[in-house]
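This report covers one protein chain. It takes up strand pairing, then a patch on the surface, then the chain as a whole.

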Amino acid sequence: VQIFNDSYQYIDIPLLFGVKFGPFRAYGGPEAHYFINSYSELVGQEGFAEQIEKINYGAIVGAGLNMGRLRFDVRYEM
């Protein structure tokens, strides 16, 4: 068994909109992932073809709670 390393660098650009109800918050919106660079030890292996799109899109939804100086958040990224 061989183990190969690879890494991908992206810039995430979220655009979030939210509402606040007292100490509670809810937010969501689209997010773009812009590809910057990659490194892969798989390049050169037979049958491997790197297929990376320059930009991908997703979405974020989340909720939060403010308690004094503490802030708690739960977020899901798609």
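## The E2-E3 hairpin

In this predicted model, strands E2 and E3 make a hairpin in which 2 residues lie between the strands. Gly22 sits in that turn and has a positive phi of about 65°. Strand E2 covers residues 17-21, and its pairing with E3 is antiparallel, with 5 bridges. One of the residue pairs can be located directly: Val19 has Ala26 in E3 as its bridge partner.

## Other partners of E3

E3 also pairs with E1 and with E4. The strands E1 and E3 run antiparallel and are joined by 9 bridges. Asp6 is matched with Ser40 of E3 in a bridge.

Between E3 and E4 the pairing is again antiparallel, and 11 bridges connect these two strands. Opposite Gly29 stands Ile60 of E4.

## A nonpolar patch on the surface

Which residues make the nonpolar surface patch of about 590 Å²? They are Ile11, Ile13, Tyr34, Ile36, Ile55 and Tyr57. Three strands each give two or more residues to the patch: E1 (6-14), E3 (24-40) and E4 (55-67).

Ile55 is a residue of strand E4. Its relative accessible area is 34%, so Ile55 counts as partly exposed. Patch residues must have over 30% relative accessible area, and the 34% of Ile55 is the value to set beside that cut-off.

## Overall form of the chain

The protein chain has 5 strands and 0 helices. Along the sequence, the pattern reads β-β-β-β-β. The chain is more spread out than a compact globule, because its radius of gyration is 19 Å, well over the 12 Å that the globule rule gives for 78 residues. Along the principal axes, the C-alpha atoms fill a box of roughly 60 × 25 × 15 Å.

## Burial, surface and contacts

Of the 78 residues in the chain, 17% are buried; a residue is counted as buried when its relative accessible area is under 20%. The chain exposes about 6400 Å², and 58% of this area comes from carbon and sulfur atoms.

The contacts can be sorted by separation in sequence. Taking those between residues at least 6 apart, 53% join residues at least 24 apart.

How values were computed: Residues are numbered from 1 along each chain as its sequence is written. This is a predicted model: local features need pLDDT of at least 70, side-chain atom pairs count only at pLDDT 80 or more; totals for chains, interfaces and linings use all residues. Side-chain values use heavy atoms; hydrogens and water are left out. Patches are made of residues with over 30% relative accessible area and no salt bridge: like charges are joined within 9 Å, nonpolar side chains (Val, Leu, Ile, Met, Phe, Trp, Tyr) within 5 Å. Accessible areas come from the Shrake-Rupley method with a 1.4 Å probe; for residues, only the protein chains shown count as cover. A salt bridge is a side-chain nitrogen of Lys or Arg within 4 Å of a carboxyl oxygen of Asp or Glu. Helices (H or I, at least four residues) and strands (E, at least two) are DSSP runs, numbered from the N terminus. Buried means under 20% relative accessible area, exposed over 50%, partly exposed in between (1.4 Å probe, protein chains only). Two strands pair if DSSP finds at least two bridges between them. The radius of gyration is taken over C-alpha atoms; the globule rule is 2.2 Å times the number of residues to the power 0.38. Contact means heavy atoms within 4.5 Å.
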